[in-house]
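Biologist: I'd like to go through this model with you, one spot at a time. Shall we put it on the screen and start?

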Amino acid sequence: TTPANANAVNLWRGLACYCLGRHEEAAEDFDRCSDFKDASPKHLYAVGFVYSRVDEYQKAIKFLTLVLKKLPDSESYFCRGDCYASLKMYDQAIGDYLLAAKLSPSRRGQYLGSAAFVLRSQRKYPEAIANFTEAIKNSPIAFLPGNLRARALCYQDLSRWPEAVRDYSEAIKILQTVYKGEKKSIFLSESYFQRAKCYDKLGKPALAAADRRLHAQIGATLAGDV
């Protein structure tokens, strides 16, 4: 490193650490950069992504905004949306998630689901349900259980018990056929637990008891594994 090349060395060393997933080291290198005039949009995205991973959200937003001014893309909108959400700037987060969804048909379901989660955190349940519904229509099967269970929680928030049961039942069906291992067990356990509460509200104690037995059985198995 010399005074003449220090900026470039710090930038490229930071980018190398980014490629290796060593985000703390990358952030330290980027902090030593005096400017980013020679950085391409791809490099600026890497800088923003790194700062988002070390919880320096304002810095991340600054660089991701530079990327979006030069070359709008779905990943930059999504990453900036996550930063806004972490800062509780929910309207900005939702806006970025929806823009990301427009730009990426292949990941539209994921981005719409992120917007829906933020809407639910704001207790905007009808809007969240609408976005989860679109996410479900645009998601590969592996992502469906998460969106179905999230939409079911919105239905529970609105006391729409039959619809919540329907979503949990569909999620359970997919989990039993597509998922494996601990991830399957945890999501199944939670789905049975929540569906039992819905059955209670619907006055179906036998079905609720059956779900609680399944929930307890999975819990015992997980405890044994631990």
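Modeller: Sure, and we can begin with serine 76, which sits in helix H5 (residues 74-86); helices here are DSSP runs of H or I with at least four residues, numbered from the N terminus. Keep in mind that this is a predicted model, where local features need pLDDT of at least 70, side-chain atom pairs count only at pLDDT 80 or more, and totals for chains, interfaces and linings use all residues. Residues are numbered from 1 along each chain as its sequence is written, and side-chain values use heavy atoms, with hydrogens and water left out.

Biologist: Is serine 76 buried or exposed?

Modeller: Buried means under 20% relative accessible area, exposed over 50%, and partly exposed in between, using a 1.4 Å probe and protein chains only. Serine 76 has 0% relative accessibility, so the verdict is buried.

Biologist: Which residue's side chain makes a polar contact with the side chain of serine 76?

Modeller: A polar contact is a pair of N or O atoms within 3.5 Å; within protein, one must be able to donate a hydrogen and the other to accept it, and residues adjacent in sequence count only if both atoms are side-chain atoms. At 2.6 Å, the partner of serine 76 is aspartate 73.

Biologist: Leaving aside neighbours within four places in sequence, which residues does serine 76 contact?

Modeller: Contact means heavy atoms within 4.5 Å. With those neighbours set aside, serine 76 touches Tyr45, Leu64, Val67 and Leu68.

Biologist: How are H3 and H4 oriented to each other?

Modeller: The axes of H3 (residues 41-53) and H4 (residues 57-70) come within 7 Å and cross at roughly 160°. Axes are lines fitted to C-alpha atoms, for helices over the stretch in contact, with angles from 0 to 180 degrees between N-to-C directions. Angles over 145 degrees count as roughly antiparallel, so H3 and H4 are roughly antiparallel.

Biologist: Is lysine 37 buried or exposed?

Modeller: Lysine 37 is in the loop between helix H2 (23-31) and H3. Its relative accessibility is 68%, so lysine 37 counts as exposed.

Biologist: What is phi of arginine 123?

Modeller: Most residues other than glycine have a negative phi. Arginine 123, in the loop between helix H7 (108-121) and helix H8 (125-137), has a positive value, near 65°.

Biologist: And what is the relative accessible area of serine 159?

Modeller: Serine 159 lies in the loop between helix H9 (144-157) and helix H10 (161-178), and has a positive phi of about 60° although it is not a glycine. Serine 159 is partly exposed, at 45%.

Technical notes
Helices (H or I, at least four residues) and strands (E, at least two) are DSSP runs, numbered from the N terminus. Angles under 35 degrees count as roughly parallel, over 145 as roughly antiparallel, 65 to 115 as roughly perpendicular and the rest as oblique.
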